[in-house]
Amino acid sequence: MNAPSLDPWGRIGAIAIAVVLVTLLAHRLLRPVVLRLAGFSTFLATIARKCDRPLQFALPLVALQIVWQGVPDDVPGSSAVEHTSSVLAIAAVTWLIAAALQGVADAMIVQARRIQTQTRVLARIGIGAVLIAGLAFILMTFPRARQLGASLLASAGVAGVIIGLAARSVFGNLLAGLQIALAEPLRIDDVLIIEGEWGRVEEITATYVVLNIWDQRRMVVPLQWFIEHPFQNWTRHGSELLGTVFLWVDYTLPMDAVRAEARRLCEASANWDGRVCNVQVTDSSERGMQLRILVSSIDSGRNFDLRCEVREALVDFIQHRYPQALPRMRTDVAARLENDDAAPSERTAESA
């Protein structure tokens, strides 16, 4: 009498076992490929390693949910098996999401150790929210506890909306911090120009960046500002830098002598890296011409010192060797004297 009722479960069990074995085999085959592809990025590799084990349980359980959809309702015990499988699948997916969040947090800590405390707090909040949601979905699978699960999920959603509206700027900065940690437009010790201020990145927190200005002031800039506004990063891919020195001189200054002196000054300076030392006439007017001396150094601090050295030395060079080539106002003195001499006779003739 019971044999016919066992036949459907024999077929269902065989199908379920086959599905589990196929998903486990697929996980085993695709795992090294995914890890190899994710290995090109520290961020993705960290997340992949965290999600590896929970994914091994989540894939078969999610696949079984598809199998149970094809089981007829009149099969004895099918509802209990499907319900148990649903609870396990929800728990596995919750574990997977929590592991992914933890992987994101670990990756951010690796890339930006200055914000590890804030990152861990944010990750714990996210994991807590995922666990609450998972528990609510599990309770909703039980008929008598469905209302409790819905209430728990609704209260968590309302609380999340209220907290999000109350701390919109805070979460905006936290998301901006995540973008900065991933894209790395700036890092500790980078030299930045922000609104005309030159400074070095001293500290990066979860909500703001501290810039050490050259005169020892500190500029505190919210992280969201870097996402919404352009800024200069002088050390994005390297610290090498070109600097300019501008001088206004008279047209009588010989350019070959200035080029030779600029080259001699650069070669004698410890702040020059040997790459660039050029002198060019970049502008001219009725009073004189503008020289641009382009010099290079290994970093911005040395380049600033080199520019000052070259500027001071060239001014001194022109003063001593070619004083007539300093900027001056040109006037026709002879014509002025003739006009002054002719003025008395003209006034006498006019009076007569």
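## A tour from V249 outward

Select V249 to begin: leaving aside its neighbours within four places in sequence, V249 is in contact with G288, M289, L291, I318, A325 and P327. The model on screen is a predicted one.

Keep V249 selected and add L253, L291, I293, V295 and V310. These six touch the most other members of the largest nonpolar core, which has 23 residues. To see where the core draws its residues from, colour β6 (241-249), α8 (255-268), β7 (277-284), β8 (289-297) and α9; these are the elements that give two or more residues to this core.

Next, select L186, I204, V209 and F226. They are among the 14 residues of another core, which lies apart from the largest one.

Two of those residues lead on to a sheet. I204 stands opposite V209 in β3. Show strand β2 (residues 197-204) and strand β3 (residues 208-213) as ribbons: the two pair in the antiparallel sense over five bridges. Now bring in the rest of the sheet. Five strands make it up, in the order β4-β3-β2-β1-β5, with antiparallel pairing, and the sheet is open. Which strands stand at the edges? Select β4 (218-222) and β5 (232-233): each has a single partner strand, so one side of each is left without a neighbour in the sheet.

Move to helix α9 (residues 300-321) and pick F304 within the helix. Is F304 buried or exposed? Neither label applies, because its relative accessibility is 48% and F304 therefore counts as partly exposed. Draw a distance from the C-alpha of F304 to the C-alpha of G243: the viewer should give 7.4 Å, although the two residues are 61 apart in sequence.

Now select the cysteines C51 and C308. C51 is buried, with a relative accessible area of 13%. C308 has a relative accessible area of 23% and is partly exposed; the cut-off for buried is under 20%. How many disulfides does a search of the whole structure find? The count is zero.

Finally, zoom out to the whole protein. Ten helices and eight strands are present. Of the 352 residues, 33% are buried. Switch on the surface: the accessible area is about 21700 Å², and carbon and sulfur atoms account for 61% of that area. Among contacts with a separation of 6 or more, 63% are between residues 24 or more positions apart. The pair F304 and G243, 61 residues apart in sequence, is a place to return to when looking at parts of the chain separated in sequence.

How values were computed:
Residues are numbered from 1 along each chain as its sequence is written. This is a predicted model: local features need pLDDT of at least 70, side-chain atom pairs count only at pLDDT 80 or more; totals for chains, interfaces and linings use all residues. Side-chain values use heavy atoms; hydrogens and water are left out. Helices (H or I, at least four residues) and strands (E, at least two) are DSSP runs, numbered from the N terminus. Buried means under 20% relative accessible area, exposed over 50%, partly exposed in between (1.4 Å probe, protein chains only). Contact means heavy atoms within 4.5 Å. Accessible areas come from the Shrake-Rupley method with a 1.4 Å probe; for residues, only the protein chains shown count as cover. Two strands pair if DSSP finds at least two bridges between them. A disulfide is a pair of cysteine sulfur atoms within 2.5 Å. A nonpolar core is a set of buried Ala, Val, Leu, Ile, Met, Phe, Trp, Tyr and Cys residues joined through side-chain atoms within 4.5 Å.
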